[in-house]
Amino acid sequence: MEYSAYFACINGCSGKHSLYQIIYVCPKCGSLLEVRHDLESISKKSPEYWKSEIDIRVAGMKWPYSSGVWCMREWIAPDLHDDNIVSMHEGHSNLFFAERLGEKLGVKNLWVKLCGNSHTGSFKDLGMTVLVSVVKQMMQHNNPVRAIACASTGDTSASLAAYAAAAGIPAIVFLPRDKITSAQLIQPIANGAQVLALDTDFDGCMEIVRKVTEDNSIYLANSINSLRVEGQKSVAIEIVRQFKWEPPDWIIVPVGNLGNITALYKGLHLLNAIGIISRMPRLVGAQAANANPFYMSYQNGFIEKVSMTAKSTIASAIQIGDPVSYEKAVKAIKKTDGIVEEASEHELANAGALADLTGLYTCPHTAVALAVLTKLVRKGSIKSDQKVVVISTANGLKFTGSKKSYHSETIEHVKSLHANTAMNLPADATVVSDAIERKLNHSR
Ligand SMILES: *Cc1c(COP(=O)(O)O)cnc(C)c1O
Ligand SMILES: [Zn+2]
């Protein structure tokens, strides 16, 4: 094999483990594993070679390069056979110049990476394509995996259900009952997964799924499994490529279980290590104040991990109190001179609504990132002329409920500053014209 990758302990224990082995933590010390690549073989080809090769693949869109993940397959899972790639053309999402929103927030160079424009409506597809493909290859080599399972705050389960269905592998999803949106609940149901709604929160579901998958006949798809992180890192690489292989100054991402900020760092680190970029963007982890263990840890200088019972937040996909990828995320923040900031329900709901007024259709997690951006610009940490990318992690259409509540001004602790309502009028042209006049005069 020209390129190779393996699992290794993040704490430095010796031992390389195959990506096709069922293993989630270091057998010696119990720490998280990460996927390591043979950077020497990758570096045998020049940065110029890689940039132009990937640009050509993306322009051609030939399968599997029609996927934003598999167009960089040598950097993700090099030993995977074509026949085992389970892809639904994830990635290649729009990087949108948010000019009017930037003007409102005081940043001239604001971009929104629309990762929610994906197969199941969230950026979780980028990691799931890798995990399900690896499992497919494992099963071909007679590994006795019977199903793939995950605990989820709604998007991971939707993604697992879809990719498992595409591969013909049974999926089991563990959801905190009544804590995800109805769109997120119906997604795995439609894809035929076994859907288990448990009377607990995400952290409770995580505990159960870890026990249920202990005997290895059911494969665990949560981001404790670093195969997911490996696929998610393609977002960072894709952003740099979309800027003609130049890094932005800042990347802001909403964080819960901390897999994705880890993934961003990993993608950027790879580009740096093989000479494609020469400086790292600064990473910002954005948390909902109601579920802010990582922010609390940052506040104490990362002296120790904070865990808590997360309170309810409309940013339900990041309502997590005991983040699995804590150690990796601390490294991502430290190595990029990053920042962790939080936003209240009032701040995030209004930041999302303001963005919608400039043409976006934000999910509440993207709203957390935008609220945090607003704060960091006010504090002077982010300067008006710096290039900023906000990762929009899911499609707003999955979160109709919270948008409806916002515009009908019924969210607790939130004053809806940008509420808008539909007008119910009789079918009478004069009444309608009057209403239009009043509204146009009012908004002038
Ligand atoms: C999963 C998810 C996040 C956070 O990613 P983590 O890896 O859990 O930190 C943010 N937004 C959305 C919409 C998500 O589904
Ligand atoms: Zn170890």
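**Notes on the zinc site, ligand 1 and a few residues to look at**

1. Let's begin with the metal: four sulfur donors, Cys-9 (SG), Cys-13 (SG), Cys-26 (SG) and Cys-29 (SG), coordinate the zinc ion (ligand 2) at 2.3 Å. Donors here are N, O and S atoms within 2.8 Å of the metal (3.2 Å for Na, K and Ca), and sites may look incomplete because water is not among the atoms. Along the chain, the donors of the zinc ion (ligand 2) follow the spacing C-x3-C-x12-C-x2-C. Cys-13 and Cys-26 both lie in the loop between strand 1 (5-9) and strand 2 (33-37), so this pair ties together parts that are 13 residues apart in sequence. Helices (H or I, at least four residues) and strands (E, at least two) are DSSP runs, numbered from the N terminus.

2. A word on what you are looking at: this is a predicted model, in which local features need pLDDT of at least 70 and side-chain atom pairs count only at pLDDT 80 or more, while totals for chains, interfaces and linings use all residues. Residues are numbered from 1 along each chain as its sequence is written, chains are lettered from A and ligands numbered from 1 in the order in which they are written, and side-chain values use heavy atoms, with hydrogens and water left out.

3. Why is the arrangement around the zinc ion (ligand 2) called tetrahedral? The angles subtended by its four donor atoms run from 105 to 114°, which makes it so; the rule for four donors is that all angles lie between 85 and 135 degrees. As for cover, Cys-26 is buried at 4% relative accessibility, whereas Cys-13 is partly exposed at 23%. Buried means under 20% relative accessible area, exposed over 50%, and partly exposed in between (1.4 Å probe, protein chains only).

4. Lys-113 deserves a look. This lysine sits in strand 4 (residues 109-114) and is buried, with a relative accessible area of 1%. Its side chain makes a polar contact with the side chain of Glu-238 at 2.6 Å. A polar contact is a pair of N or O atoms within 3.5 Å; within protein, one must be able to donate a hydrogen and the other to accept it, and residues adjacent in sequence count only if both atoms are side-chain atoms. Beyond its neighbours within four places in sequence, Lys-113 is in contact (heavy atoms within 4.5 Å) with residues including Asn-94, Val-235, Gln-242 and Val-390.

5. Now for ligand 1. There are 15 residues around ligand 1, of which Lys-124, Asp-155, Gly-256, Asn-260 and Thr-393 come nearest; a residue counts as near if one of its heavy atoms lies within 4 Å. Oxygen atoms of ligand 1 also meet the protein backbone: at Asn-257 the distance is 2.8 Å, at Leu-258 2.8 Å, and at Gly-259 3.0 Å. The protein buries 97% of the 380 Å² that ligand 1 exposes when taken alone, with areas from the Shrake-Rupley method and a 1.4 Å probe; for residues, only the protein chains shown count as cover.

6. Finally, some backbone details. The peptide bond from Trp-63 to Pro-64 is cis, with omega near 0°, and Pro-64 lies in the loop between helix 2 (47-60) and strand 3 (95-97). His-89, found in the loop between helix 2 and strand 3, has a positive phi of about 60° although it is not a glycine. Trp-245 has a positive phi too, near 65°. Is Trp-245 buried or exposed? At 6% relative accessibility, Trp-245 counts as buried.

Key
Tetrahedral: all angles 85-135°; square planar, octahedral: opposite > 155°, others 65-115°.
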